[in-house]
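Colleague: I am new to this structure and would like a close look at a single part. Please start from one residue inside it and work outwards.

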Amino acid sequence: MKWRMNWKWWTAAGLFFSAVGGVLGVATWVLSSDWGLHWALQQASARLPGSLNVQSHQGRLRGPITLEGVSYKQDGMDVHLGRVELEWDPWHLLRYEFHITRATLTEVEYRVVPSATPAKEILLADFSLPLT
């Protein structure tokens, strides 16, 4: 009976540590591969409210990262970056910080584009502040 409890415990512990090791292995692979950077750029492009395009990218998600031909368009603005070189420390994300160690931007263009939809008029409510 005692042997069966030990066997079940060791099996459960082995499965748990295998799962944790698998998750850490996949996370390491995503951070250390070119595919991880490509995947992150696809996710950013899908989730941003505007249109993000990157002509080419090199590097790993954990850095250094080089992006060329970056353009972002949203209502009212158009941003183009010829080249972006970025080094950052992903471990700071565990402390809810985004720590950039080096960033180089070349050929930066920012244009304000007239919006296709007219801006709505904002009406402020009448109010008075008590002054003493």
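Modeller: In this predicted model, a useful starting point is Ile65, which, if neighbours within four places in sequence are left aside, is in contact with Leu37, Gln58, Arg60, Val84, Glu85, Leu86 and Trp88. Several of these names come back below.

Ile65 belongs to the largest nonpolar core, a set of 14 residues. The members with the most contacts inside that core are Ile65 itself, Leu37, Leu67, Val70, Leu81 and Val84. At least two residues of the core come from each of α2, β2 and β3. Strand β3 gives the most, with 5 residues.

The frame around this core is a sheet. Four strands make it up, in the order β1-β2-β3-β4, with antiparallel pairing, and the sheet is open. Its edges are β1, residues 51-59, and β4, residues 99-112, each of which pairs on one side only. On average, neighbouring strands are turned by 15° against each other, direction ignored. Strand β3, residues 77-89, runs antiparallel to β4, and 12 bridges join the two. Across that pairing, Arg83 stands opposite Thr106 of β4. Helix α2, residues 34-47, packs on the sheet and touches β1 and β2, the latter being residues 65-74. The direction of α2 makes about 170° with that of β1.

His57 shows how the helix and the sheet meet at one residue. His57 has its place in strand β1. Beyond the neighbours within four places in sequence, the contacts of His57 are Leu37, His38, Leu41, Thr66 and Leu67. Leu37 thus appears in the contact list of His57 as well as in that of Ile65. Leu37 and His57 are 20 residues apart along the chain, and their C-alpha atoms are separated by 8.0 Å. With His38, His57 also makes a polar contact between side chains, at 3.2 Å. The relative accessible area of His57 is 27%, so this residue is partly exposed.

The aromatic residues add another view of the same region. A pair of rings is described by the distance of the centres and the angle of the planes. There are 3 aromatic pairs in the count. One of them is formed by Trp35 and Trp39, whose ring centres are 6.4 Å apart and whose planes meet at 20°; planes under 30 degrees apart count as stacked, so this pair is stacked. Both residues lie in helix α2, 4 residues apart, which is about one turn of the helix. Trp35 is partly exposed because its relative accessibility is 41%, and Trp39 is partly exposed with a value of 37%.

Another pair leads back to Ile65. Trp88, one of the contacts of Ile65, pairs with Phe98 in a tilted arrangement, 5.4 Å from centre to centre and with 40° between the planes. Trp88 is in strand β3 and Phe98 in the loop between β3 and β4, so the pair ties together parts 10 residues apart in sequence. The two partners differ in exposure: Trp88 counts as buried because its relative accessibility is 13%, while Phe98, at 54%, counts as exposed.

Terms used
Residues are numbered from 1 along each chain as its sequence is written. This is a predicted model: local features need pLDDT of at least 70, side-chain atom pairs count only at pLDDT 80 or more; totals for chains, interfaces and linings use all residues. Side-chain values use heavy atoms; hydrogens and water are left out. Two strands pair if DSSP finds at least two bridges between them. Axes are lines fitted to C-alpha atoms, for helices over the stretch in contact, and angles run from 0 to 180 degrees between N-to-C directions. Contact means heavy atoms within 4.5 Å. Buried means under 20% relative accessible area, exposed over 50%, partly exposed in between (1.4 Å probe, protein chains only). A polar contact is a pair of N or O atoms within 3.5 Å; within protein, one must be able to donate a hydrogen and the other to accept it, and residues adjacent in sequence count only if both atoms are side-chain atoms. Rings of Phe, Tyr and Trp (its six-membered ring) pair if their centres lie within 6.5 Å; planes under 30 degrees apart count as stacked, over 60 as edge-to-face and the rest as tilted. A nonpolar core is a set of buried Ala, Val, Leu, Ile, Met, Phe, Trp, Tyr and Cys residues joined through side-chain atoms within 4.5 Å.
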